[in-house]
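Me: Could we go through this structure together and check how each label was earned? I would like every term set against its cut-off.

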Amino acid sequence: MKMLKVVEKRKSVREYKMSDLDEKTLEQVVNLTKKIPVIDESVGVEFRFIIDGSEISQQLQGISGYYGKMIVAPHYFAVYADKNIASYKYAGYAGEWIILNAAKLNLGTCWIEAGDSAKAKAAVGYATDKELVAFIAVGWPSHETNLSAIYNSRDINSASSLTDRGYPDVKTGLGAEKESPRMAITEFVYLKTWESMLTFDELNRRGLDEAFYYMRLAPSWGNRQPWRFILDGERIVLAVQKDEALNEPVENIDAGIAMLYFEVAMHDLGISGNWKLSEDKKDEYKIPEDYFVVGYYSM
Ligand SMILES: Cc1cc2nc3c(=O)[nH]c(=O)nc-3n(C[C@H](O)[C@H](O)[C@H](O)COP(=O)(O)O)c2cc1C
């Protein structure tokens, strides 16, 4: 299955069947951690699979999850990262890679904020110098139809997936299915400088409309969709909004997830390129103070 199909299918699952995964699936999931693409040898991230989710979820109530509400799942990955922003970004990139590959196995997943790292680490009981930056819940969704519903409920009259979601004045085929809404592409892609908007046709002419269509399906903390892109010739610059309510790991996990989604979309669509982490040219692009530059995708 192409990764883009998986990108369309994935959504956060917050209710799980509490039975353990069968041995074969468990092995497949745990083995995913060995196959994650490496983007930079210098970053330090570790994924530890937690087999006894129900026990640990009790320990983590009041610490992790939105407002301390831990999502109860049969299993989790605890995501540990070195204390630097490149490692936090890689935690997002690599964690989302696991999530998309778990979705290929039809598993449900959800990112969960760790909350206070020291308390969460004590609850999990694994000693390391790394910070515990997030959890990823893993299990079979309790409502199995939800995961495939994005396909099943699609308008049969739709010309293609592109005519669904994200385009003004087009009815989605999603019916009553619960789904986190997303911005239109033209709201977060700029040409040369900040807030210099492009029309959808201009993006289409550049052959980038589809990539951004898939990009916008990326998960983010509180569905804040903090990403903005600036097209500058062969460079596509990514800036991510800071948020006073969030800590550095979470802001950078959002950035890393966006990097993975954009890369998956570009590669699946046959446009080669790769990310360079760099904070330069912030002033030149007139990027406001409350955004940080993640880097640029070089085509
Ligand atoms: C870094 C991060 C932390 C998150 N933490 C939580 C959480 O603690 N609890 C929760 O219910 N969802 C959490 N989410 C899931 C987001 O709310 C979800 O991705 C977003 O609303 C978009 O919905 P979707 O994933 O279904 O597309 C988190 C997502 C990210 C990226």
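Me: How do the residues of the shell around the ligand divide into nonpolar, polar and charged?

Reply: They divide into 9 nonpolar, 6 polar and 6 charged. Ala, Val, Leu, Ile, Met, Phe, Trp, Tyr, Cys and Pro count as nonpolar, Asp, Glu, Lys and Arg count as charged, and the others, Gly among them, count as polar. A word on the ground rules: this is a predicted model, where local features need pLDDT of at least 70, side-chain atom pairs count only at pLDDT 80 or more, and totals for chains, interfaces and linings use all residues. Residues are numbered from 1 along each chain as its sequence is written, and side-chain values use heavy atoms, with hydrogens and water left out.

Me: Which residues come nearest to the ligand, and what makes a residue near?

Reply: Arg10, Ser12, Arg14, Tyr66 and Arg182 come nearest of the 21 residues around the ligand. A residue is near a molecule or strand if one of its heavy atoms lies within 4 Å of it.

Me: Which elements and domains supply the shell around the ligand?

Reply: Strand E3 (108-113) and helix H9 (248-268) each supply at least two residues, and E3 gives the most, with 4 residues. Helices (H or I, at least four residues) and strands (E, at least two) are DSSP runs, numbered from the N terminus. Domain 1 (3-139) and domain 2 (177-298) each provide at least three residues of the shell; domain bounds come from an automatic or database domain assignment.

Me: Why is the pair formed by Ser12 and the ligand called a polar contact?

Reply: A polar side-chain atom of Ser12 lies 2.6 Å from an oxygen atom of the ligand. A polar contact is a pair of N or O atoms within 3.5 Å (within protein, one must be able to donate a hydrogen and the other to accept it, and residues adjacent in sequence count only if both atoms are side-chain atoms), so the Ser12 pair qualifies. Ser180 has a polar side-chain atom 2.9 Å from a ligand oxygen, and for an N or O atom in the side chain of Arg182 the distance to a ligand oxygen is 2.7 Å. Taken alone, the ligand exposes 630 Å², and the protein buries 94% of that. Accessible areas come from the Shrake-Rupley method with a 1.4 Å probe; for residues, only the protein chains shown count as cover.

Me: Is Arg216 buried or exposed, and how do you know?

Reply: Buried means under 20% relative accessible area, exposed over 50%, and partly exposed in between (1.4 Å probe, protein chains only). Arg216 has a relative accessible area of 2%, so it is buried. This residue sits in the loop between H8 and E6, and its side chain reaches the backbone oxygen of Met183 at 2.9 Å.

Me: Why does Glu195 count as buried or exposed?

Reply: At 52% relative accessibility, Glu195 counts as exposed. It lies in the loop between strand E5 (189-191) and helix H7 (200-205). Glu195 also has a positive phi of about 60 degrees although it is not a glycine.

Me: What does Ala103 touch?

Reply: Leaving out residues up to four places away in sequence, Ala103 touches Val6 and Lys9; contact means heavy atoms within 4.5 Å. Ala103 lies in helix H4 (residues 85-104) and counts as buried because its relative accessibility is 2%.
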